[in-house]
Amino acid sequence: MAPPPPPPSPPPVSLRVVVLFLRVLTVVFLVITVIILSTNSVTIDSQGTVLKYYFKDVYAYRYMFSAAIIGLVYAVVQLFFTISELATRIKNPINYQLDFYGDKIISYLLATGSAAGFGVSKDLKDALLALVALDSTDPVDKFFSRGYASASMLLFAFVCLAVLSVFSSYAISKH
């Protein structure tokens with residue numbers, strides 16, 4: 001009877017450190033996105049009428065916020081698993097599946113959230129400036145600039161997760 005095959009060797013330490021670094025970056029980008037979006041509001045004074053808008057008044061910003069929160073929860077869970085794996089040098093076989101599928105699904109969620117944020121920031125800013133006679137465009141510019149900033153942070157988080165997705169594809173093919 002042949003001896004059982006040896007257990008697969010863990011990835012090199014440098015790769016695990018890169019994965020940890022990318023997971024931390026993802027969490028940081030998502031936290032920044034949530035902070036920027038949740039504090040984004042504007043008061044518009046148009047010919048004596050005062051209008052107050054919050055990020056939650058724009059559906060695409062709500063979607064972007066939801067995508068960031070879901071991504072943040074996933075990223076924090078994965079960060080704990082990555083730290084645990086780095087400390088114990090043992091990876092649970094189920095984590096390979098979670099990494100593989102989770103990174104792909106959440107990265108696409110972040111990409112669509114970012115795209116929605118960029119799209120609505122561009123379209124609504126142009127429409128608002130064309131339709132409403134404003135005393136000053138500075139508050140509107142600031143509101144939509146924060147929309148662009150949060151969409152950019154979400155895009156950076158997507159890039160980190162996309163790279164992690166490549167690493168998880170590589171890891172699952174070895175096991």
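These legends accompany close-up views of a predicted model.

**View 1. The largest nonpolar core brings together 37 residues.** Welcome to the inside of the model. Leu 30, Tyr 61 and Leu 110 are the residues with the most contacts inside this core. Which elements give two or more residues to the core? They are helix α1 (13-38), strand β1 (41-46), and the helices α2, α3 (93-131) and α4. Among these contributors, α4 gives the most, with 11 residues.

**View 2. Tyr 61 and Phe 143 form one of the six aromatic pairs in the structure.** The two ring centres are 5.9 Å apart and the ring planes stand at 65°, so this pair is edge-to-face; planes over 60 degrees apart count that way. Tyr 61 belongs to helix α2, whereas Phe 143 belongs to helix α4 (residues 138-174), so the pair ties together parts that are 82 residues apart in sequence. Is Tyr 61 buried or exposed? With a relative accessibility of 0%, Tyr 61 counts as buried. Phe 143 has a relative accessibility of 4% and counts as buried too.

**View 3. Phe 143 also pairs with Phe 144.** Stay with Phe 143 for a moment and look at another ring beside it in this pair. The centres of the Phe 143 and Phe 144 rings are 5.1 Å apart and their planes are at 80°, so this pair is edge-to-face. Both of these phenylalanines are buried. Put the ring pairs together, and Tyr 61, Phe 143 and Phe 144 are linked into a cluster. Tyr 61 may be familiar from the core view, where it is among the residues with the most contacts.

**View 4. Lys 56 lies over the face of Tyr 54.** Here a lysine meets an aromatic ring. How far is Lys 56 from the ring centre of Tyr 54? The distance is 5.4 Å.

**View 5. Five residues make a nonpolar patch on the surface.** Now we move to the outside of the model. Ile 69, Val 73, Val 77, Phe 81 and Leu 98 build this patch, which covers about 360 Å². Which helix gives the most to the patch? Helix α2 (residues 59-88) does, with four residues.

**View 6. Val 77 is a patch residue in helix α2.** This last view picks out a single member of the surface patch, Val 77. Its relative accessibility is 37%, so Val 77 counts as partly exposed. Helix α2, then, holds Val 77 of the surface patch and also Tyr 61 of the aromatic pair with Phe 143.

Technical notes:
Residues are numbered from 1 along each chain as its sequence is written. This is a predicted model: local features need pLDDT of at least 70, side-chain atom pairs count only at pLDDT 80 or more; totals for chains, interfaces and linings use all residues. Side-chain values use heavy atoms; hydrogens and water are left out. Patches are made of residues with over 30% relative accessible area and no salt bridge: like charges are joined within 9 Å, nonpolar side chains (Val, Leu, Ile, Met, Phe, Trp, Tyr) within 5 Å. Accessible areas come from the Shrake-Rupley method with a 1.4 Å probe; for residues, only the protein chains shown count as cover. A salt bridge is a side-chain nitrogen of Lys or Arg within 4 Å of a carboxyl oxygen of Asp or Glu. Buried means under 20% relative accessible area, exposed over 50%, partly exposed in between (1.4 Å probe, protein chains only). Rings of Phe, Tyr and Trp (its six-membered ring) pair if their centres lie within 6.5 Å; planes under 30 degrees apart count as stacked, over 60 as edge-to-face and the rest as tilted. A charge sits over a ring if NZ of Lys or CZ of Arg is within 6 Å of the ring centre and within 35 degrees of the ring normal. A nonpolar core is a set of buried Ala, Val, Leu, Ile, Met, Phe, Trp, Tyr and Cys residues joined through side-chain atoms within 4.5 Å.
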